[in-house]
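Reader: I want a close look at one part of this protein. Please start from a single residue and work outwards. Keep it brisk.

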Amino acid sequence: MSEVKPGTAKTITSADYIRTNFEPSERIAVLLRNAERRETLQRISTAEKIAAHPFQDWLRYKNAKEGFDIYVGMNALKPTAFTRTKEDILAIRHLYVDLDHHGFASLAMIEKSTLVPPPNYILNTSPGKFQAVWRVDDIELGDAEALLHAMAREFDADRAATDAARVLRLPGFLNKKYEQDFLVSVRYQTDQLYQSRDFKLREERFESDRRNVPNAPPKTGLSDGTRPTSQSERDWAYVKNALAKGVDPEELIRQLAHSRAADKSDPQYYARLTVTKAVADIRTRSAAIPDSSEAGNRRDRH
């Protein structure tokens, strides 16, 4: 893999990104998707060929002129692979999270966290949405997916983006999903290559987390007759978790208002009320716990 020095984030190209993250001979997948035409194209080739001018020129044409979104598989495929499935994966090269719900707040949680090291890359994929990517080595597929699920839970990331065959956006191309095109950019933070021991999250195998996959059929009720968790309850749990990790309340208000803008008549009021109540609840609970020294003094007096 070639090296791009940290600090060149504003100038890194899609070709540089591929060369930095894969060996020239490694086979990777590139996916092109046109949502309007419901057309998907996939190409599997070596990193060297995909980073070369002819292939990059073709991607730029398909993106700018024909409206295709451009994605790249984040793990190396077997030499015989002609599809992009878990069975086709040769080696795990990356771990990642897709921060598409509370982007800025989730990113702040990652930056403050002692459970994961600093990401190698932060991709800005659309307004307020990010993808964090870690370069890794010597991690087995099962362990990698367990970590992907654990990170998605910890940082409120997209739980659909937790399989090793996932594609992420390729920086340097336009996000065509919205009314106005958005240029996907990347911030390169470190050239560190991480091992599994660098990630301190509690891991669970994929099967144990299947109930959390977002695209599972919706349930009208639980087996014990109780109702499913509402979105407001999920917001409450998320806000309290983020506050406990040190995320700024004002940042949480902004993010929550943005995420609920489509289904709340006054999202700003809803967000401020939720965060304010969560702050008060945390303070009340903290005040109810006696200071350890004071508790000791009371025991001494009896």
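Is S45 buried or exposed, and what is its relative accessible area?

Author: S45 is buried, because its relative accessible area is 18%, and the cut-off for buried is under 20%. Bear in mind that this is a predicted model. Its pLDDT averages 82 over the protein, and 79% of the residues score at least 70.

Start with the position. S45 belongs to strand β2, which covers residues 39-46. Leaving out residues up to four places away in sequence, S45 touches E26, R27, I28 and I50. E39, which β2 also includes, takes part in a salt bridge. Its partner is R37, at 2.7 Å from N to O. Neither end of that pair is buried. R37 counts as partly exposed because its relative accessibility is 45%. E39 is partly exposed too, with a relative accessible area of 26%.

Now follow E26, one of the residues that S45 touches. The side chain of E26 meets that of R93 in a salt bridge, 2.4 Å from N to O. E26 sits in the loop between α1 and β1 (27-34), and R93 sits in the loop between β5 (89-91) and β6, so this pair ties together parts that are 67 residues apart in sequence. Both E26 and R93 are buried. Side chains of opposite charge can pair when their charged atoms come close. In the whole structure, a search finds 10 salt bridges.

The E26 loop leads back to α1. This helix spans residues 14-21 and lies across β6, β7 (121-126), β8 and β12. Against β7, α1 runs at about 140 degrees. α1 is mostly covered, with 6 of its 8 residues buried. The buried ones are S14, A15, Y17, I18, T20 and N21. What about D16 and R19? They form a salt bridge, with the closest N and O atoms 4.0 Å apart. Both lie in α1, 3 residues apart, about one turn of the helix. An α-helix has 3.6 residues a turn, so residues three or four places apart point the same way. R19 counts as partly exposed because its relative accessibility is 38%. D16 is partly exposed as well, at 27% relative accessibility.

The R93 loop leads to β6. β6 (94-99) is an edge strand, pairing on one side only, and so is β12 (185-188). These two strands bound an open sheet of 4 strands, in the order β6-β8-β7-β12, with antiparallel pairing. From one strand to the next, the twist averages 20 degrees. β6 pairs with β8 (residues 129-135) in the antiparallel sense over 6 bridges. Within that pairing, V97 has A132 of β8 as its bridge partner.

Being at the edge does not leave β6 open: 6 of its 6 residues are buried. Both faces are covered. H94, Y96 and D98 are buried on one side, and L95, V97 and L99 are buried on the other. Besides α1, helix α5 lies across β6 and β8. α5 runs at about 25 degrees to β6.

L95 takes us into the core. Apart from residues up to four places away in sequence, L95 touches A132, V133, W134, V136, I139, A144, L147, L148, M151 and F199. L95 is also among the residues with the most contacts inside the largest nonpolar core, along with Y17, W134, M151, F199 and L252. That core has 75 residues. Its largest share, 6 residues, comes from helix α5 (residues 141-154). Y17, one of the buried residues of α1, is on that list too.

Two stretches call for caution. Over residues 204-226, pLDDT stays under 50, and the model has 17 contacts for them beyond four places in sequence. Residues 292-302 also stay under 50, with 2 such contacts.

So much for the route. From S45, it runs through its contact E26 and on to R93 by way of a salt bridge. From there it reaches the buried strand β6.

How values were computed: Residues numbered from 1 in each chain as written. Predicted model: local features only at pLDDT ≥ 70, side-chain atom pairs only at ≥ 80, totals over all residues. Heavy atoms only, no water. Core = buried A, V, L, I, M, F, W, Y, C linked by side-chain atoms within 4.5 Å. Buried < 20%, exposed > 50% of the residue type's maximum accessible area, 1.4 Å probe, protein only. Contact = heavy atoms within 4.5 Å. Pairing = 2+ DSSP bridges. Axes fitted to C-alpha atoms, helices over the stretch in contact; angles between N-to-C directions. pLDDT = per-residue confidence, 0-100.
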